[in-house]
Amino acid sequence: YRRGFYEMYGATTVTFDSESVDVVMGDATDPGLIYENGSINQINFDVTADFSLKGLSISPESFGFEWDGTRSYFKMFGTLKSDIEGNEISLILGDNADPGVIIESGVLERFMMTVNADFNFKNITFSPDDLTFIYNKTGDLFEMYGALSTSFDGESLDVTLGDESSPGFKYVNGVVESINFGVTAEFTMKGIKFNPQGFGFDYDKVGDQFKMFGTIKSDIEGNEIDLSLGTEEDPGLIIENGVVIAINMGVTADFEFAHMTFKPSDLTFVYNSSGDQYEMYGDLDLTFDSETLSVNLGTASEPGFEYKNGRVESIDIGVTADFKLKDLEIKPTDLTFIYQRTGAKYEMYGDITFKIGSDEVTANLGTDSDPGMIFENEKIKHINIGVTTEFKISGLKIKATDVGVDWSSGSFFHLYGDADLSIANDDIDADFG
């Protein structure tokens, strides 16, 4: 006792609300507790050792633990480090004027922190923008909410973790129970734009992975395309250990490319990580210049559509069903239908049969170097069919030597070239012009 003061200093343990903290109440030259005229004027604890508070480990850095006589409560404030399942996280516990921890009558009434640096969880980087980490006394758990960005596998996107009334991050008994991100802003994933519509981005605790699901809009060289990323139970995008291991989407609506309309019936759009490209495969109808063909874009093992670095590299269309071109009935036998990036046009070539009346004619639709059908700038430019075999038209036998069937406009095909006509076992040379 000196100068009318009582002072207390030294090491002790503070216990409250089933928690305990080892502290130091200063020393002889700077005591932590001052008692004067029947009142405690000051209690300042030094906290340097790690401790746990409501199951959260705390490593104090610049840290205060004091008695606030004006408000009649104890308070903690300053900076600290903690960890979430072994991942270090830096936190701010408010300041002296607005402390993050308030203890009233021995009960922890407030425990609120802000996240002030990047941290990692399951190899995904969380970069806070305005992120709060708070203890929910009613539920006896920690919750995180606010704005941040996430980074993984060379990608980043702006997200939210809900708000105070509906936080997206829940941490219970040292374990992350759930993470639900809100995603509303457009982002890029492996070179393709995602514009989220009804969209989810969650942590799957059971599968120990992150998942994205729902509906999005994207574009292919400026052409809008509607896509489904599956459901919460069967998500289309999966991230494990910070690596995107699957992007699997269904095409849900018609889309345009190079003036051709793609009408999906069972069409899948996937990311191939080994080739670092997107691929499309499955069944669809194609509509162009008033024509419609039922076609396919290959299979999962041999997709017909490749998209890389923001552009369509190739489209190889499988045609196996009969179809019509300008009212000419065509049956494919070995037919190729491809998109040529150079010139932005579609070409069709290969072996076919076509009908004239009820008669079928074996023919070819050109070659890869001289395709028989070209579609460019919204129009079929020409259809040129070669015939080299014998055929009949209304009972008339024609032995083709160099016969062609041509369309360039209008509603008529033109037969031209050299042939022999067989009439009563006699061959007659003929020229169709």
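Start by selecting strands E2 (residues 11–16) and E3 (residues 19–24), which form a hairpin with two residues between them; strands, marked E, are DSSP runs of at least two residues, numbered from the N terminus. In the turn you will find Asp17, which has a positive phi of about 45°. The model is predicted, so local features need pLDDT of at least 70 and side-chain atom pairs count only at pLDDT 80 or more, while totals for chains, interfaces and linings use all residues. Residues are numbered from 1 along each chain as its sequence is written, and side-chain values use heavy atoms, with hydrogens and water left out.

Stay with the hairpin and show its backbone: E2 and E3 pair in the antiparallel sense over six bridges, where pairing requires that DSSP finds at least two bridges between two strands. One place to look is Thr15, whose bridge partner in E3 is Ser20.

Now show the side chains of E3, which alternate along the strand: Glu19, Val21 and Val23 point to one face and are buried, whereas Ser20, Asp22 and Val24 point to the other and are not. Here buried means under 20% relative accessible area, exposed means over 50%, and partly exposed lies in between, with a 1.4 Å probe and protein chains only.

Next, select Ser127, which lies in strand E13 and, at 15% relative accessibility, counts as buried. Its side chain makes a polar contact with the side chain of Asp118 at 3.2 Å; such a contact is a pair of N or O atoms within 3.5 Å, and within protein one must be able to donate a hydrogen and the other to accept it, while residues adjacent in sequence count only if both atoms are side-chain atoms. Not counting residues up to four places away in sequence, Ser127 touches Asp118, Leu148 and Ser149, contact meaning heavy atoms within 4.5 Å.

Then move along E13 (residues 124–136) to Phe133, and add Phe169 in strand E18 (residues 169–172), 36 residues apart from it. What is the relation between the rings of Phe133 and Phe169? Their centres are 6.5 Å apart and their planes are at 85°, so the pair is edge-to-face; rings of Phe, Tyr and Trp (its six-membered ring) pair if their centres lie within 6.5 Å, with planes under 30 degrees apart counted as stacked, over 60 as edge-to-face and the rest as tilted. Phe133 is buried at 0% relative accessibility, and Phe169 is buried with a relative accessible area of 0%.

Finally, select Phe119, Phe121, Phe126, Phe152, Phe181, Phe201, Tyr203 and Phe210, which ring pairs link into a cluster.

Conventions: Helix = DSSP H or I, 4+ residues; strand = E, 2+ residues; numbered from the N terminus.
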